[in-house]
Amino acid sequence: MTRILFAAPERTQAAYRDLLPDALRAVGVTATILPGAVEHDPAEIDWIIYAPSSEMSDFSGYTRLKGVLCLWAGVEGIEGNRTLAAPLTRMVEPGLTHGMVEWVTGHVLRHHLGIDAHLAATAWEPVAPPLARDRPVAILGLGELGGACATALAALGFPVTGWSRSPKSLPGVRSLTGRDGLRTALTKAEIVVLLTPLTAETEGLMDARALGWMRDGAILLNPGRGALIDDAALLDALPRLGHATLDTFRVEPLPPDHPYWHHPKVTVTPHIASTTRPAGAARVVAENIRRGEAGLPLLHVVDRSAAFARPAPGRRMQ
Ligand SMILES: NC(=O)c1ccc[n+]([C@@H]2O[C@H](COP(=O)([O-])OP(=O)(O)OC[C@H]3O[C@@H](n4cnc5c(N)ncnc54)[C@H](OP(=O)(O)O)[C@@H]3O)[C@@H](O)[C@H]2O)c1
């Protein structure tokens, strides 16, 4: 009998209470699921389903662990954990991707169409917005989420440039890499979307120099991670930029006295750009356990080699 520890807050476990057993049954896995807080012998656990918002941080003693299956896409809080020897997978599921495409598309269209001006208007000023084809967008990070957002925006007609470590081939999306590529992407774009993971290489990616490459009046959207941005540099740059819509922050919840809350050129959304949907996630987790039990390669395994070769990035978020 496969033994699974569910290391997640109670409300998360409750959301999976029926879905997870159903998903395991559907792929033919017979398992016992233990709530994370329950007394257990670590040496008897085969799998850990893990939410970064759980209290769990010490994986030593889990000697027969076959994998830790993270429910979140972002794994910066666990990938460098030296007590964890088993493979780590991150969450990739359709609901998470669709949610991000909707958030990014919605906020791009808000700024593209000038919706704020119409909400505030008290006089008849008929200025039509440009077409999408005349509004260049840059997406930094062209993975599961950034790639889907880039494809969706390109399908609406936006000229989309994506930036990533390795070159990509996505329909209608120009792919750039390297420092020169970053500069080109930022200098050409009127809307910039941050969707790289937080790593030692990307922490502070949007520093004073990179923000300086953005065009006057350009819009910055950050549904990635707060620490991708040098906050002091962004506050300095905002008088020249058009707006920043920020979903993620170095400290979450964003403290009540943070200048972002009342800045006229900042919109704060409370880390809701996208979230893992339990129905899809239960299927992904179950499929990975089926694969692991059958000796097949796991899906969405995190390459942790780089995380061990560098200091951990900034503060862990909630
Ligand atoms: N706000 C929210 O609600 C929310 C929800 C879910 C996720 N997120 C955030 O979104 C992030 C992205 O998720 P994902 O699933 O799309 O990740 P992913 O599939 O791993 O994609 C990451 C992308 O970033 C690129 N990248 C990584 N390091 C880079 C570097 N140093 N320079 C240039 N490009 C780099 C990667 O390039 P290569 O492909 O070439 O390696 C890849 O294209 C997550 O890590 C998480 O922080 C936020």
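These legends walk through close-up views of a predicted model.

**View 1. A sheet of seven strands.**
Start with the open sheet that runs E8-E7-E6-E9-E10-E11-E12, where the strands pair in parallel. At its edges you'll find E8 (173-176) and E12 (266-268); each has a single partner strand, so one side of each is left without a neighbour in the sheet. Going from one strand to the next, the twist averages 15°. As background, strands of a sheet pair through backbone hydrogen bonds, and they can do that either parallel or antiparallel.

**View 2. Zooming in on E9 and E10.**
Here are two strands from that seven-strand sheet. E9 covers residues 191-194 and E10 covers residues 219-222, and three bridges link them in the parallel sense. For a spot to look at, find Val 192: across from it, in E10, stands Leu 220.

**View 3. A helix lying over the sheet.**
Helix H5 (residues 144-155) lies across three strands: E6 (137-140), E7 (160-163) and E8. Its direction makes an angle of about 165° with E6. Keep H5 in mind, as this helix also gives the most to the shell around the ligand, with three residues.

**View 4. The sheet of five strands.**
Now for another open sheet, this one with five parallel-paired strands in the order E2-E1-E3-E4-E5. E2 (31-35) and E5 (88-89) are the edge strands, pairing on one side only. E5 joins E4 (residues 67-70) through two bridges, in the parallel sense. Look there for Val 68, which has Leu 88 of E5 opposite.

**View 5. Two helices over the five strands.**
Helix H2 (residues 19-26) lies across E1 (2-7), E2 and E3 (47-50), at about 160° to E2. Helix H9 (residues 278-293) lies across E1, E3, E4 and E5, and runs at about 160° to E3.

**View 6. Around the ligand.**
Which residues come nearest to the ligand? Out of 29 around it, they are Arg 90, Arg 165, Ser 166, Lys 168 and Ser 274. An N or O atom in the side chain of Arg 90 is 2.7 Å from a ligand oxygen, and for Arg 165 the distance from such a side-chain atom to a ligand oxygen is 2.8 Å. Arg 225 also has a polar side-chain atom 3.4 Å from an oxygen of the ligand. On its own the ligand exposes 930 Å², and the protein buries 89% of that.

**View 7. What the ligand's shell is made of.**
The shell has twelve polar, ten nonpolar and seven charged residues. Helices H3 (94-113) and H5 each supply at least two residues of it.

Terms used. Residues numbered from 1 in each chain as written. Predicted model: local features only at pLDDT ≥ 70, side-chain atom pairs only at ≥ 80, totals over all residues. Heavy atoms only, no water. Pairing = 2+ DSSP bridges. Helix = DSSP H or I, 4+ residues; strand = E, 2+ residues; numbered from the N terminus. Axes fitted to C-alpha atoms, helices over the stretch in contact; angles between N-to-C directions. Contact = heavy atoms within 4.5 Å. Near = heavy atom within 4 Å. Polar contact = N/O pair within 3.5 Å; in protein donor to acceptor, adjacent residues only side chain to side chain. Areas by Shrake-Rupley, 256 points an atom, 1.4 Å probe, with all protein chains shown as cover. Nonpolar A, V, L, I, M, F, W, Y, C, P; charged D, E, K, R; others polar.
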